[in-house]
Amino acid sequence: MDEEMEIYGGFADTYDIFMDNIPYGDWHTYLRKLLLKQGVSDGIVVDLGCGTGNMTRLLAEDGYDMIGVDMSAEMLEYARQKCQESVLLLQQDMRKLELYGTAAAMICVCDGMNYLLETEDLRQVFRRVQQFLDVGGVFVFDMKTAHFYETQLGDRTITDNREDVTLIWDNVYHTDTGINEYVLTIYQLSDDGNDLFERVDEHHVQRAYPCETVQRLLDETGFSVESVYEAFTENMPGKDSERIYFVAKKLCEI
C-alpha cells in the first residue's frame, strides 16, 4: 500500500456522506453523560481529531467553550461551516498539541486515538493532554479493539455506492501487530454532462492496543484512570467489546 497517500484530504469532501450511519446524537448523549459524571458541566473542552466537527458542534450547543483540533485543513474547512463562530479550530498534530491555556476537559472520539501507531505516540499525546488540562481536568477517549478489527473488518473489501459517489474500502488486518490498514478509493462525479468521475485514494493505518497498555501509559503520564467502559454503557469491557471508552483525570502538574 502506498505510504504517500494523504489522509483525510480528498475524503473530506465525502466524509459526512459515508459516515451518515454514525448516530452522533446518541454518541453525544453518552459523552455528555460521562463529562457530567466527572463534574464537567461548562468551561473549555478540546475535541482532538475533531474531523468535520460533528461532536464539536453538539458540545458547543451544550454551552461548552469548544476548541477543535485536527491535522487536516480540509476537514477543518467543513467543521468551520458547521460550528458556531465562537468555536476555535486549530490545525495541529495532537502529538504536538499547543494551546494558549488549560482546559477543563479533552475528548477524542470516533477512534482518533487508534491512528497513533506506536506506544510512544500514545505516551506523547497523553503528556500533551496532561500539560494542557486543568488539575482535576478530565480526558475522555474511545478506541476500537482488536476484536472489532478482526471480526468486523479483517481482510475484506467493502463497497458503498451512493448517488454520484462510490467508496471502495480495501482492508487488511495484521493479527500479530494489531495493525489495521485500508485503502479508500473514492469515485466522485465531477462533470455530470460528460459523465466524468474523479478518483481519490487514501491509505489509512490504525492500531488496536490492549486495554492494560493504555491504562499503564495513562498512569505513567500523571493520570488517574477513573473508568473503562464498553462503549455506550457503564459495563466493564469484555473480550467481545468492539469499542472501549477511557475516562481519566489529571492528578497534578508533572
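This report covers one sheet and two helix pairs in a predicted model.

## The four-stranded sheet

The model holds an open sheet of 4 strands. Their order is S6-S7-S8-S9, and the pairing is antiparallel. Strand S6 (157–162) and strand S9 (196–207) form the edges. Each of these edge strands pairs on one side only. On average, neighbouring strands of the sheet are turned by 15 degrees against each other, with direction ignored.

How many bridges join strand S7 and strand S8? Strand S7 (residues 165–174) and strand S8 (residues 179–191) pair over 10 bridges, in the antiparallel sense. Leu167 can serve as a landmark here: its bridge partner in S8 is Ile186.

## A helix on the sheet

Helix H6 spans residues 146–153 and packs on the sheet. H6 touches S6, S7, S8 and S9. The direction of H6 makes about 120 degrees with that of S7.

## Helices H2 and H3

Helix H2 covers residues 24–37, and helix H3 covers residues 54–61. Their axes come within 10 Å and cross at roughly 55 degrees. That angle makes H2 oblique to H3, because it lies outside the ranges for roughly parallel, roughly perpendicular and roughly antiparallel. The crossing of H2 past H3 is right-handed.

Which residues meet between these two helices? H2 brings Tyr24, Trp27, His28, Leu31 and Leu35. H3 brings Asn54, Met55, Leu58 and Leu59. By class, this contact has 7 nonpolar and 2 polar residues. It has no charged residues.

## Helices H5 and H7

Another pair is formed by helix H5 (residues 119–131) and helix H7 (residues 211–220). Their axes come within 9 Å. They cross at roughly 40 degrees. H5 is therefore oblique to H7. The crossing of H5 and H7 is right-handed.

On the H5 side, the contact is made by Thr119, Leu122, Arg123 and Phe126. On the H7 side, it is made by Thr213, Val214, Arg216, Leu217, Leu218 and Glu220. What classes of residue does this contact have? The contact of H5 with H7 has 5 nonpolar, 2 polar and 3 charged residues.

## The two contacts side by side

The contact of H2 with H3 has no charged residues, whereas the contact of H5 with H7 has 3. Both crossings are right-handed: H2 with H3, and H5 with H7.

Notes: Residues are numbered from 1 along each chain as its sequence is written. This is a predicted model: local features need pLDDT of at least 70, side-chain atom pairs count only at pLDDT 80 or more; totals for chains, interfaces and linings use all residues. Side-chain values use heavy atoms; hydrogens and water are left out. Axes are lines fitted to C-alpha atoms, for helices over the stretch in contact, and angles run from 0 to 180 degrees between N-to-C directions. Angles under 35 degrees count as roughly parallel, over 145 as roughly antiparallel, 65 to 115 as roughly perpendicular and the rest as oblique. A crossing is left-handed if the near helix is turned anticlockwise from the far one by less than a right angle, and right-handed if clockwise. Contact means heavy atoms within 4.5 Å. Ala, Val, Leu, Ile, Met, Phe, Trp, Tyr, Cys and Pro count as nonpolar, Asp, Glu, Lys and Arg as charged, and the others, Gly among them, as polar. Two strands pair if DSSP finds at least two bridges between them.
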